[in-house]
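Please open the model in your viewer and keep the sequence beside it, so that each residue can be selected as it is named. The tour goes from one selection to the next and explains each term where it is needed.

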Amino acid sequence: MLADPERRREAFSQIVTRYGESLYWKIRHLVLSHDDANDVLQNTFVKAWVNIASFQNKSKISTWLYRIAVNESLDFLRRERLSNRVGVDHDDGVATKLLADPYFDGNDAEALLQEAIATLPDVQRMVFNLRYYGEMKYAVMSSLLNTTEGALKASYHLAVKKVKKYLEQSE
């Protein structure tokens, strides 16, 4: 099926339709901005398209796509940090930016939670978002992120403690 270019395009179109929205929200929780999430999603699908012929069905297509999306999100965050565009600045913090974003449909509490999450190191933020928002099991995360379940549990516990502390200090 993937050897035939026409069928490959058709199959990939179905993949985009089926997984586009869920990937967008996974990415959005990591990079926060609607425009940035769209860019990362586009990069995810470009990378998937370029590598679709090498997909070996050793995992589900959704797991493969999530892995690409997570890696693209982390790459984006690293590039942003290097260009000094990302960071929690309390003068124009994440909560303020989110509340001004016309695509953000949360309230003040959700914006403050996102600001707290933004203070976490990349890996803790990733694990927190996948577990809290995606309700992803540690076993799935383990294969997605190529790390042990124990390390993921530790990262999640640390992230929860840091988020709680941030929220308590913001009251």
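Begin by selecting Y166, which lies in helix α8 (residues 149–169); helices here are DSSP runs of H or I with at least four residues, strands are runs of E with at least two, and both are numbered from the N terminus. Y166 has a relative accessible area of 12% and is therefore buried, where buried means under 20% relative accessible area, exposed means over 50%, and partly exposed is in between, using a 1.4 Å probe and protein chains only. Now add I117 to the selection: the C-alpha atoms of Y166 and I117 are separated by 8.9 Å, although the two residues are 49 residues apart along the chain.

Before going on, note that this is a predicted model, in which local features need pLDDT of at least 70 and side-chain atom pairs count only at pLDDT 80 or more, while totals for chains, interfaces and linings use all residues. Residues are numbered from 1 along each chain as its sequence is written, and side-chain values use heavy atoms, with hydrogens and water left out.

Next, look for the aromatic rings, since a search of the whole structure finds 7 aromatic pairs. Rings of Phe, Tyr and Trp (its six-membered ring) pair if their centres lie within 6.5 Å, and planes under 30 degrees apart count as stacked, those over 60 as edge-to-face and the rest as tilted. Select F12 and W49, an edge-to-face pair with 5.1 Å from centre to centre and 70 degrees between the planes. This pair links distant parts of the chain, because F12 is in helix α1 (residues 5–31) and W49 is in helix α2 (residues 34–51), 37 residues apart. F12 is buried at a relative accessible area of 9%, whereas W49 is partly exposed at 31%.

Then move to F128 and Y132, whose ring centres are 5.1 Å apart and whose planes meet at 15 degrees, so the pair is stacked. Both residues lie in helix α6 (residues 122–132), 4 residues apart, which is about one turn of the helix. An α-helix has 3.6 residues a turn, so residues three or four places apart point the same way. F128 is buried, with 3% relative accessibility, while Y132 is partly exposed, with a relative accessible area of 41%. If you add Y138 and Y156, you will have selected one aromatic cluster together with F128 and Y132.

From Y138, continue along helix α7 (residues 138–145), whose buried residues are Y138, M141, S142 and L144. Looking down the axis of α7, you will find these buried residues within an arc of 170 degrees, so they line one face of the helix; the arc is that of the directions from the helix axis to the C-beta atoms. After α7 comes N146, whose phi is positive, near 55 degrees.

Where, finally, is the 1 salt bridge that a search of the whole structure finds? E72 forms a salt bridge with K47, and their closest N and O atoms are 2.8 Å apart; the term requires a side-chain nitrogen of Lys or Arg within 4 Å of a carboxyl oxygen of Asp or Glu. E72 lies in helix α3 (residues 61–82) and K47 in helix α2, so the pair ties together parts that are 25 residues apart in sequence. E72 is buried, with a relative accessible area of 8%, and K47 is partly exposed, with 37%.
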